[in-house]
Amino acid sequence: MLALPLRRFTVEEYHRLAEVGVLAEDDHVELVDGNLIQQMPIGPHHGSIVSRLNEHFAAANRARWITKVQDPVDLGLFSEPEPDVMLVRRVGDHYAFHHPQAGDAYLVIEVSDSTLLVDKEEKLPVYARAELPEVWIVNLPERVIECYAAPVGGVFTETRRIRPGEPLAPAAFPDAMIDTAALFRGPI
């Protein structure tokens, strides 16, 4: 069978699809490497983890970063994913006129349950190619936080798996230590 080439969308075309009504607000898609990826509904455990992370980073902030929750990050011509949590560089207008870009990000976090395969196989390579300095995947099925850092040549060269109770803080803000045991309280 002949494989037909797929049509990749640019970020500009993606926005245009929304402007002309092809994509509606409730379509819940994001653009990853030129492909429209359907976002899964957020379950209570996933939402709880996102809320806990947001609350933690708000308390630890001391005006050092902006915490973005389920907002887009502009990663170039073909990607505008919407990670669950991001710590980004402070700007006076809080990104009122453009989305944060790769160079603005300190940390990107994906909370993954039913999206684990997409987050690891589709999004993580895009994050590495964009040279995001640090990405965490909160792997709910395995109850671990997978930490990726030091992107070189489109690949993260440092990886760690953090279990509940082990210490973890963003590399850029080592004093913003997370209580990983408390983070995973809830359904198994």
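In the predicted model, the side chains of Lys 123 and Glu 110 form a salt bridge, with nitrogen and oxygen 3.0 Å apart. Lys 123 belongs to helix α3 (residues 116-129) and Glu 110 to strand β5, so that the pair links distant parts of the chain, 13 residues apart. Lys 123 has a relative accessible area of 3% and, because this value is under 20%, is classed as buried. Glu 110 is likewise buried, and its relative accessible area is 3%. The two residues do not stand alone: Glu 30, Glu 110, Asp 119 and Lys 123 are joined into one network by salt bridges that share partners.

The surroundings of Glu 110 were examined further. The interaction of its side chain with the side chain of Lys 123 also registers as a polar contact, at 3.0 Å. With neighbours within four places in sequence left aside, the residues in contact with Glu 110 are Pro 83, Asp 84, Asp 119, Lys 123, Tyr 127, Trp 136, Ile 137 and Val 138.

A second glutamate, Glu 82, is located in the loop between β3 and β4. Glu 82 is buried yet takes part in no salt bridge. The nearest side chain of opposite charge is that of Lys 123, at a distance of 7.8 Å. A salt bridge requires the nitrogen to lie within 4 Å of the carboxyl oxygen. The side chain of Glu 82 does, however, make a polar contact of 3.4 Å with the side chain of Gln 39. Apart from neighbours within four places in sequence, Glu 82 is in contact with Tyr 14, Val 29, Glu 30, Gln 39, Gln 70, Asp 71, Pro 72 and Lys 123. Lys 123 is thus listed among the contacts of Glu 82 and among those of Glu 110.

Over the whole structure, 14 salt bridges were found. One of these pairs Asp 175 with Arg 62, whose side chains meet at an N to O distance of 3.1 Å. Asp 175 lies in the loop between β8 and α4 (180-183), whereas Arg 62 lies in the loop between α2 and β3; the pair therefore ties together parts that are 113 residues apart in sequence. Asp 175 is partly exposed, with a relative accessible area of 44%, and Arg 62 is exposed, with a value of 60%. Another salt bridge is formed by Lys 68 and Asp 71, in which the closest N and O atoms are 3.6 Å apart. Lys 68 counts as buried at 13% relative accessibility, while Asp 71, at 27%, is partly exposed.

The strands of the model include an open sheet of six, arranged in the order β3-β4-β5-β6-β7-β8 with mixed pairing. Strands β3 (66-69) and β8 stand at the edges; each has a single partner strand, and one side of each is therefore left without a neighbour in the sheet. From one strand to the next, the twist averages 15°. Helix α2 (residues 44-60) packs on this sheet and touches β3, β4 (85-88), β5 (105-112) and β6. The direction of helix α2 makes an angle of about 155° with that of β5.

Within the sheet, strand β6 (residues 134-139) pairs with β7 in the antiparallel sense, over six bridges. In this pairing, Val 138 stands opposite Ile 145 of β7. Strand β7 (residues 144-152) also runs antiparallel to strand β8 (residues 155-162), to which seven bridges join it. Across this second pairing, Glu 146 has Arg 161 in β8 as its bridge partner. The hairpin of β7 and β8 has two residues between the strands, and Gly 153 in this hairpin adopts a positive phi near 60°.

The packing helix α2 also carries Glu 55. At 60% relative accessibility, Glu 55 counts as exposed, in contrast to the buried Glu 110. Glu 55 and Ile 109 are separated by 54 residues in sequence, and their C-alpha atoms are 14 Å apart in space.

Key
Residues are numbered from 1 along each chain as its sequence is written. This is a predicted model: local features need pLDDT of at least 70, side-chain atom pairs count only at pLDDT 80 or more; totals for chains, interfaces and linings use all residues. Side-chain values use heavy atoms; hydrogens and water are left out. Two strands pair if DSSP finds at least two bridges between them. Helices (H or I, at least four residues) and strands (E, at least two) are DSSP runs, numbered from the N terminus. Axes are lines fitted to C-alpha atoms, for helices over the stretch in contact, and angles run from 0 to 180 degrees between N-to-C directions. Contact means heavy atoms within 4.5 Å. Buried means under 20% relative accessible area, exposed over 50%, partly exposed in between (1.4 Å probe, protein chains only). Lys and Arg count as positive and Asp and Glu as negative; His and the chain ends are not counted. A polar contact is a pair of N or O atoms within 3.5 Å; within protein, one must be able to donate a hydrogen and the other to accept it, and residues adjacent in sequence count only if both atoms are side-chain atoms.
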